[in-house]
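Let's take a walk through a protein together, going from the whole chain down to single residues. Keep the picture beside you as you read.

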Amino acid sequence: MVKNQLFQALFNWNLCVSKIFKSTLSTIINYITIYFKFASIMNKKTTIFLILFLQTFFVYSQNKLSGRITDAKNGEALAFVNIIYNSSNQGTTSDLDGYFHINSKEKIEFLKISYLGYQQKIIPQNEILRKTYIEIALDQDAYQLSEITILPGINPAHRIINAVIENSKINNPEKMRSFSYVSYNKMYFTIDTKNIDRLPKDTVPTDSVVNDTIKPRKTMMDFFDEQHLFITESVAERKFKYPDNNQEQVLAHKMSGLKTPAFTLLTSQFQSFSFYKDFISLLDKKYLSPISKGSTNKYFFIIEDTMYNEATDTIFIISYRPLKGKNFDGLQGVLHINSHGYAIQNVNAKPYEPTGAFNINIQQKYELIDSVQWFPVQLNTDIVMNIMQFGDNSASITTGGASENDMPLVGIGKSYLSDISLNPDYKRREFSQIGVNVNNNAAKRDSVFWSTYRKDSLTAKDRRTYKVIDSIGKEANLDKFMDVVDVIAAGYIPIKFVNLDPTSILWYNQYEGYRIGLGLATNQKMLKWMSVGGYVGYGFRDKALKYGGSLEFILDKSATTRLKLGYKQDLEFSDEHHFYNDIAKISLQSTRDFFLSEMDSIQSFYGSLKFSALRYLQADLRFDYQNKNITNPNRYSFNEAFPLQYFTSEVGLYARYAYKEKFLQTPKGNLLSMGTKYPIFYANIIKGIEYLNGDYDYLKLEAKISKKFAFRHIGDSYLTLSGTYLDGNIPYGEMYYGTGSYSWLNIDNSFNTMRINEFISDRFASVFFRHDFGSLLFKTPKWQPKIVLVSAAGWGDNTRISNSNNTDFAKTMNKGYFESGIQINQILKMSFEGFGLGVYYRYGPYSRSKEIENWAFKFNLTFVL
């Protein structure tokens with residue numbers, strides 16, 4: 001009797017829910033029926049428990065759903081899409097890969113999908129009841145956002161943004177005492193296919209169009225449908241101790257086409273780790289953050305939506321972009337603000353005004369770790385390289401606009417953070433100057449290691465990319481080619497077992513005219529601990545041969561300690577004083593050599609010991625025995641005799657101190673400076689001694705300091721201070737001639753209106769100031785020149801020359817030298833270069849009698865990213 005009643009109750013319940021779970025429930029009832037047929041005894045309590053369990057199971061299954069949201073046109077994942085699933089406005093968001101997971105105590109009544117720039121979609125309950133996973137595609141809105149008129153009153157979004165700013169120090173992970181994490185980084189390069197099927201308007205698809213336009217792109221698409229152009233992965237462990245002790249070790253890395261990767265791509269190289277900084281760095285360009293102090297006066301904010309999570313926290317979805325009429329480098333995007341601490345939960349950002357050559361879009365996802373600290377857990381970087389276009393089965397670098405159907409190269413980067421540890425106990429001594437270093441086994445990790453850190457398995461495209469590009473790399477010997485690139489970055493071109501100095505092949509200055517030559521030095525393929533080098537050169541104007549040779553010993557594994565012995569017969573500028581590695585071999589400042597018309601002949605025996613001392617100090621201990629011949633005795637117009645040939649013996653210490661400077665160690669072991677936010681100091685102490693026929697006893701003290709200052713709303717300032725002091729009996733050929741660079745080309749940190757060799761001093765000081773407003777002062781949609789104000793001042797004296805004996809060819813600066821100017825940079829932009837003009841004016845005690853001679857008009861070249 002009990003059994004019959006039980007079956008009747010179950011049957012009636014099945015009819016009530018048959019529309020929802022008919023097939024699934026019927027199957028389970030059949031299992032129960034079979035069970036009763038074969039069971040001799042059924043406990044009533046057990047049966048009731050089973051029924052309640054099944055009921056709970058089915059109710060719970062209605063509150064659990066996963067899915068992925070993509071762009072309906074191109075299938076790309078959409079991050080941070082808002083998903084509300086009941087009338088209480090509870091919801092969640094998709095992650096950076098477009099996936100979402102709903103695990104709610106409340107019933108899923110519907111799915112309301114909303115995303116800025118896309119049409120809203122509502123999915124009713126009956127379309128999701130039988131599903132545990134759903135794919136959702138969103139269509140883009142057909143209209144573009146227009147300028148918004150701000151109405152009087154308080155913007156309700158400001159209260160939330162101001163709360164975020166007030167809590168930024170608490171929520172910023174880089175304000176913590178310390179932390180560590182492990183990141184898995186993946187980046188691949190492919191083409192942007194959004195325009196692949198689009199033909200120019202009013203074009204009739206004739207046979208010629210089909211053959212010439214569509215077919216080649218289908219061939220190109222076949223390639224990119226099957227694989228990427230390039231892929232790289234890495235696993236890195238980062239340790240941080242407040243305020244700026246930072247170290248990242250690459251535990252594993254692999255790169256398509258290379259057995260030993262020549263470089264490592266990390267998220268920190270493309271975007272700021274934390275969005276709480278005043279300036280957000282994207283591809284090394286800084287943008288004012290929408291949550292910096294005073295941002296409500298710079299940005300326009302809109303509350304686009306509001307929802308609640310399972311913890312009943314409010315999630316504010318706020319869009320932002322620069323206010324109309326505000327001129328600054330700003331961002332646009334969407335912030336998801338969690339009312340729990342008013343912290344950033346998700347962020348999407350890209351430049352409001354793309355640079356042209358590169359467009360970048362970043363996404364960051366934060367989670368509350370250990371219920372204590374909001375911390376990034378995933379970072380995405382999308383880079384569109386408009387400079388590299390694919391079309392008609394070919395790739396090209398473009399300096400202008402691409403054709404309508406050309407496809408730019410894009411880089412898709414994803415970083416997943418795991419093993420996050422908050423406030424571990426780190427000591428300062430655990431951090432070295434090497435900010436990023438590569439583990440010796442990084443390129444040897446097996447599949448088990450990689451599977452531990454990969455978020456998902458490699459896709460078929462990923463695997464094919466490795467397979468195809470690896471085979472190409474093996475055939476083309478790309479590892480050897482990257483070895484060449486690695487050495488070229490250090491300033492040399494490797495040719496088998498020797499390195500070629502490219503600056504020795506062809507150079508120019510006004511004294512020698514064109515100079516041709518050859519400079520070679522053995523590399524590590526011959527001997528790892530020693531290098532033998534030499535060079536020869538010939539000037540067509542002075543018709544003289546120059547040559548030299550050296551022997552260098554590498555005294556430690558890091559190659560930072562080197563002993564070099566050498567000899568040279570060459571030319572030297574009269575004011576040839578340098579600091580430790582302050583000017584690269586090939587740079588705009590080195591182009592000052594082009595305008596040198598006065599040079600002296602020297603014969604030199606020298607020795608140099610380079611080493612690192614203390615934590616941030618680099619030093620070079622030198623000895624130089626030199627025989628100098630003055631080539632132009634009319635250079636000095638003094639009423640006293642001076643030698644045209646003399647000998648000097650010098651011992652000097654040349655030092656560079658860069659506090660908190662960090663270095664990136666390449667997989668090949670080379671160290672690349674990552675810079676420092678603190679001032680950089682240079683100092684030289686040089687003693688002339690009467691040894692080995694040295695004719696003079698003297699002391700030289702030389703110093704320089706440089707610093708960059710970043711201001712929130714008015715641009716960047718650059719300041720360089722330098723000074724020298726000379727004591728003792730010394731010939732004029734060893735004195736200082738200022739830093740004049742009067743010519744047609746702008747040279748930073750020099751006097752642009754001062755003639756070369758115009759002044760002579762045994763002590764002087766100079767100040768060079770430059771303020772870069774960027775495009776803050778003037779900007780149009782299509783033209784954005786950069787305005788730079790420059791000013792320089794100098795003072796010098798010569799204790800051996802009285803003012804009454806000064807001439808136009810040799811005089812001191814004891815009354816002060818002054819000049820100012822303006823640069824309009826990037827008047828014309830092409831690929832990586834910007835071309836501009838500069839105008840400079842000389843004023844004060846040393847202004848010239850002819851007004852036109854006080855002006856300098858110059859051409860300016862800048863690097864554009």
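Two residues are in contact when they have heavy atoms within 4.5 Å of each other. With that in hand, look at the contacts in this predicted model whose residues have a separation of 6 or more: 63% of these contacts are between residues 24 or more positions apart in the protein.

What is the protein built from? It has 8 helices and 41 strands. Of its 865 residues, 46% count as buried. The accessible surface of the protein comes to about 44,000 Å², and carbon and sulfur atoms account for 57% of that surface.

Now let's go to the inside. The largest nonpolar core has 48 residues, and the members that touch the most others are Phe275, Tyr320 and Leu331. Another core lies apart from that one. This other core has 18 residues, including Phe100, Ile108, Tyr118 and Leu138.

The inside also holds some empty space. How many cavities of 30 Å³ or more are there? The count comes to 7, and the largest cavity has a volume of about 150 Å³. Its lining is made of 18 residues, and Asn749, Ser750, Phe768, Phe769 and Val790 are the ones nearest the centre of the largest cavity. Three strands, β37 (763-774), β38 (786-797) and β39 (817-830), are the elements that each give two or more residues to this lining. The largest share comes from β39, with 4 residues. If you sort the residues of the lining by character, you find 7 nonpolar, 8 polar and 3 charged.

Let's finish with a few spots where the backbone deserves a second look. Find the loop between β9 (230-241) and β10 (245-255), where Pro243 sits. A cis peptide bond joins Tyr242 to Pro243, with omega at about 5°.

Next, turn to the loop between β1 (64-71) and β2 (82-84), the place of Phe80. Phe80 is not a glycine, yet its phi is positive, near 60°. Is Phe80 buried or exposed? Its relative accessible area is 4%, so Phe80 counts as buried, the cut-off for that being under 20%.

Asn757 offers a second case, in the loop between β36 (715-728) and β37. Asn757 is also not a glycine, and its phi is positive at about 70°. With a relative accessible area of 10%, Asn757 is buried too.

Technical notes: Residues numbered from 1 in each chain as written. Predicted model: local features only at pLDDT ≥ 70, side-chain atom pairs only at ≥ 80, totals over all residues. Heavy atoms only, no water. Core = buried A, V, L, I, M, F, W, Y, C linked by side-chain atoms within 4.5 Å. Buried < 20%, exposed > 50% of the residue type's maximum accessible area, 1.4 Å probe, protein only. 1 Å grid on protein atoms, 1.4 Å probe; cavity = no way out; pocket = protein on both sides within 12 Å on 5 of 7 lines; lining within 4 Å. Points joined across faces, edges and corners; volume = space filled by probe spheres on them. Nonpolar A, V, L, I, M, F, W, Y, C, P; charged D, E, K, R; others polar. Areas by Shrake-Rupley, 256 points an atom, 1.4 Å probe, with all protein chains shown as cover.
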